[in-house]
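Work through the exercises below with the sequence and the 3D view side by side. Try each task before you read its solution.

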Amino acid sequence: MHQATVQLLRDYYDAFNRQDMDAFLGMLTEDVIHDVNQGDREVGKAAFSTFMDRMNAHYKEQIVDIAIMTNDEGDRAAVEFTVLGEYLSTDEGLPEASGQTYRLPAGAFFVIRDGKVARISNYYNLEDWTAQVVD
């Protein structure tokens, strides 16, 4: 494994867990590609920042049980983790929020360029999440 990439991704998730959006966004390239789970592809740090603003308004999440794998070059990585969350306010097109909690297995794929995240593709089971917040 490529230690610099592993450290970058540990720092990335640590900043996310601290809700330090300046540090979190600082680890992205300006032209970062974000493949939204079961959604569109967004390009650019500004678009990712807008996405995170929306997410932080509706959800309070912590990432735990993190396992990071990289290729030998350190320019690609996969991360498996668990999302511990609370659904704070209703997100458009999703079930009504009332402070429901959830525990969701998830994963992400990364492309790393010049020591920063150049692409992130997040994956989780939306049906599992929906079942947890509806029950």
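Strand 5 (residues 101-113) and strand 6 (residues 116-124) run antiparallel and are joined by eight bridges. This is a predicted model, where local features need pLDDT of at least 70, side-chain atom pairs count only at pLDDT 80 or more, and totals for chains, interfaces and linings use all residues. Residues are numbered from 1 along each chain as its sequence is written, and side-chain values use heavy atoms, with hydrogens and water left out.

**Exercise 1. Pair the strands**

Task: Which way does strand 4 run against strand 5, parallel or antiparallel? Then find the partners of strand 3 and strand 1.

Solution.

Step 1. Fix the terms. Helices (H or I, at least four residues) and strands (E, at least two) are DSSP runs, numbered from the N terminus. Two strands pair if DSSP finds at least two bridges between them.

Step 2. Take strand 5 with strand 6. F109 stands opposite S121 in strand 6. Two residues lie between the strands of this hairpin, and D114 takes a positive phi near 55°.

Step 3. Move to strand 4 (76-87). Strand 4 and strand 5 run antiparallel, with eleven bridges. R76 has V111 in strand 5 as its bridge partner. L84 is partnered by R103, also in strand 5.

Step 4. Add strand 3 (residues 59-70), which pairs with strand 4 in the antiparallel sense over ten bridges. I68 has V79 in strand 4 as its bridge partner. The hairpin of strand 3 and strand 4 has five residues between them, and G74 in its turn has a positive phi of about 80°.

Step 5. Turn to strand 1 (residues 28-35), which runs parallel to strand 6 and is joined to it by four bridges. I33 is the bridge partner of R119 in strand 6. Strand 1 also pairs with strand 2 (residues 41-43), in the antiparallel sense, over three bridges. This second pair forms a hairpin with five residues between the strands; Q38 in the turn has a positive phi of about 50°.

**Exercise 2. Read one helix**

Task: What span should helix 3 have, and which of its residues are buried?

Solution.

Step 1. Check the length. The expected span of a helix is 1.5 Å times one less than its number of residues. Helix 3 (residues 45-58) has 14 residues, so it should span 20 Å; its end C-alpha atoms are 20 Å apart, which agrees.

Step 2. List the buried residues. Buried means under 20% relative accessible area, exposed over 50%, partly exposed in between (1.4 Å probe, protein chains only). In helix 3 the buried residues are K45, F48, F51, M52, M55 and H58. They cover an arc of only 150° around the axis, so they sit on the same side of helix 3. The arc is that of the directions from the helix axis to the C-beta atoms.

Step 3. Recall the general rule. An α-helix has 3.6 residues a turn, so residues three or four places apart point the same way.

Step 4. Look at the other side of helix 3. There A46, T50 and D53 are exposed.

Step 5. Test one residue. M55 is in helix 3. Its relative accessible area is 16%, so M55 is buried.

**Exercise 3. Follow F48 and H34 inward**

Task: Which residues does F48 touch? Which does H34 touch?

Solution.

Step 1. Define the core. A nonpolar core is a set of buried Ala, Val, Leu, Ile, Met, Phe, Trp, Tyr and Cys residues joined through side-chain atoms within 4.5 Å.

Step 2. Find its best-connected members. The largest nonpolar core has 37 residues, and Y12, F24, F48, F110 and V117 touch the most other members. Helix 1 (residues 3-18) gives this core its largest share, seven residues.

Step 3. List the contacts (heavy atoms within 4.5 Å). Leaving out residues up to four places away in sequence, F48 touches Y12, F24, L25, L28, V32, H34 and I120.

Step 4. Go on to H34, which lies in strand 1. H34 is buried, with a relative accessible area of 1%. H34 stands opposite E42 in strand 2. Not counting residues up to four places away in sequence, H34 touches D40, R41, E42, F48, F51, I120 and N122.

**Exercise 4. Place D91**

Task: Is D91 buried or exposed?

Solution.

Step 1. Locate D91 in the loop between strand 4 and strand 5.

Step 2. Read its relative accessible area: at 4%, D91 is buried.

Step 3. Name its neighbours. D91 touches R54, H58 and Y59, not counting residues up to four places away in sequence.
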